Amino acid sequence: MLNVRPLESRDYDLIKAAEEVIIKNYRYGRHHIGSAVRTTSDQVFAAVHVEANVGRITVCGEAMAIGKSISEGDHEFDTIVAVAHPHPHEDIEKCWVVAPCGMCRELISDYGKDTDVIISYNGELVKCNVMELLPEKYTSEV
């Protein structure tokens with residue numbers, strides 16, 4: 001069982017930032033996921049995932065948001081979230097929160113073991129530490 005905590009108002013603002021970036025930039029077959037990361041300095045960086053014809057070179061929204069933050073000189077992360085935009089053929093009207101994939105869990109934890117991740121868990125939006133999502137993480141630390 002995960003050790004989860006309820007969201008704060010600023011967490012809903014982070015979700016909104018992720019929704020806004022994907023709503024603005026959604027392109028079928030190109031950009032389906034939006035992500036936003038809040039740094040410990042309370043800055044928010046949002047980005048979309050970049051789809052590729054060869055799936056393994058697709059870059060996830062979380063990686064893009066982290067890269068955007070780091071590129072702007074903000075390297076300490078507080079909370080991250082990703083949302084999916086519905087495709088035209090889906091009978092869904094709004095974006096929804098999605099959990100990070102395994103590679104993103106590795107990346108998030110590599111750049112901030114204290115980073116919280118917003119997820120849907122047992123039917124509600126909550127946050128937990130990224131390490132809760134990646135037990136027994138491989139590390140090169142001794």
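## Asp42 and the β2–β3 loop

Asp42 sits in the loop that links β2 and β3. This is a predicted model, so treat the backbone angles below as computed values from it. Asp42 is not a glycine, yet its phi is positive, at about 70 degrees. Its relative accessible area is 47%, so Asp42 counts as partly exposed, the cut-off for exposed being over 50%.

## Two other positive phi values

Glu136 is another non-glycine residue with a positive phi, in this case about 60 degrees. You'll find Glu136 in the segment that follows β7 (124–129). Here the side is open: Glu136 has a relative accessible area of 80% and is therefore exposed.

Then there is Gly73, which comes just after α2 and has a positive phi of about 90 degrees.

## How α2 meets α3

Now for the helix pair. Helix α2 covers residues 61–71 and helix α3 covers residues 102–111; their axes come within 10 Å and cross at roughly 25 degrees. Angles under 35 degrees count as roughly parallel, and α2 and α3 are therefore roughly parallel to each other. The crossing of α2 past α3 is left-handed.

Which residues in α2 and α3 meet? From α2 come Glu62, Ala63, Ile66 and Ile70, and from α3 come Cys104, Leu107, Ile108 and Tyr111. Sorted by class, this contact has 7 nonpolar residues, no polar ones and 1 charged one.

## The buried side of α2

In α2, the buried residues are Gly61, Glu62, Ala65, Ile66 and Ser69. Around the axis they span an arc of only 135 degrees, so they end up on the same side of α2. The elements covering these buried residues include β2 (33–39), β3 (44–48), β4 and α3. Glu62 and Ile66 turn up in both lists: they are buried in α2, and they are among the α2 residues that meet α3.

Ala65 is a good residue to zoom in on. It lies in helix α2 and has a relative accessible area of 0%, so Ala65 is buried. What does Ala65 contact, leaving aside neighbours within four places in sequence? The partners are Ser35, Val37, Phe45 and Ala47. As a long-range reference pair, Ala65 and Asn129 are 64 residues apart in sequence, with 18 Å between their C-alpha atoms.

## The two faces of α3

For α3, the buried residues are Cys104, Ile108 and Ser109. Looking down the axis of α3, you see these residues within an arc of 130 degrees, so they line one face of the helix. They pack against α2 and β4 (77–84). Cys104 and Ile108 are also among the α3 residues in contact with α2.

What sits on the face of α3 turned away from the buried side? That face carries Met103 and Asp110, which are exposed.

Asp110 can also be used as a landmark for Ile57, a residue in the loop between β3 and α2. Ile57 and Asp110 are 53 residues apart along the sequence and 20 Å apart from C-alpha to C-alpha. Ile57 has a relative accessible area of 54%, so it counts as exposed.

## His85 and its surroundings

His85 is in the loop between β4 and β5 (96–98). Is His85 buried or exposed? Its relative accessibility is 15%, so His85 counts as buried, given that buried means under 20%. Not counting residues up to four places away in sequence, His85 touches Ile22, Ile23, Tyr26, His32, Glu90, Cys95 and Trp96. The C-alpha atoms of His85 and Arg27 are separated by 9.6 Å, although the two residues are 58 apart along the chain.

## Glu19 on α1

Glu19 belongs to helix α1, which covers residues 9–25. With a relative accessible area of 21%, Glu19 is partly exposed. Once neighbours within four places in sequence are set aside, Glu19 is in contact with Val83 and Cys95. Cys95 also appears among the residues that His85 touches.

For a sense of distance across the chain, Glu19 and Ser120 are 101 residues apart in sequence and 15 Å apart in space, C-alpha to C-alpha.

Technical notes:
Residues numbered from 1 in each chain as written. Predicted model: local features only at pLDDT ≥ 70, side-chain atom pairs only at ≥ 80, totals over all residues. Heavy atoms only, no water. Axes fitted to C-alpha atoms, helices over the stretch in contact; angles between N-to-C directions. Helix = DSSP H or I, 4+ residues; strand = E, 2+ residues; numbered from the N terminus. Parallel < 35°, antiparallel > 145°, perpendicular 65-115°, else oblique. Left-handed = near helix turned anticlockwise from the far one by under 90°. Contact = heavy atoms within 4.5 Å. Nonpolar A, V, L, I, M, F, W, Y, C, P; charged D, E, K, R; others polar. Buried < 20%, exposed > 50% of the residue type's maximum accessible area, 1.4 Å probe, protein only. Arc of directions from axis to C-beta.
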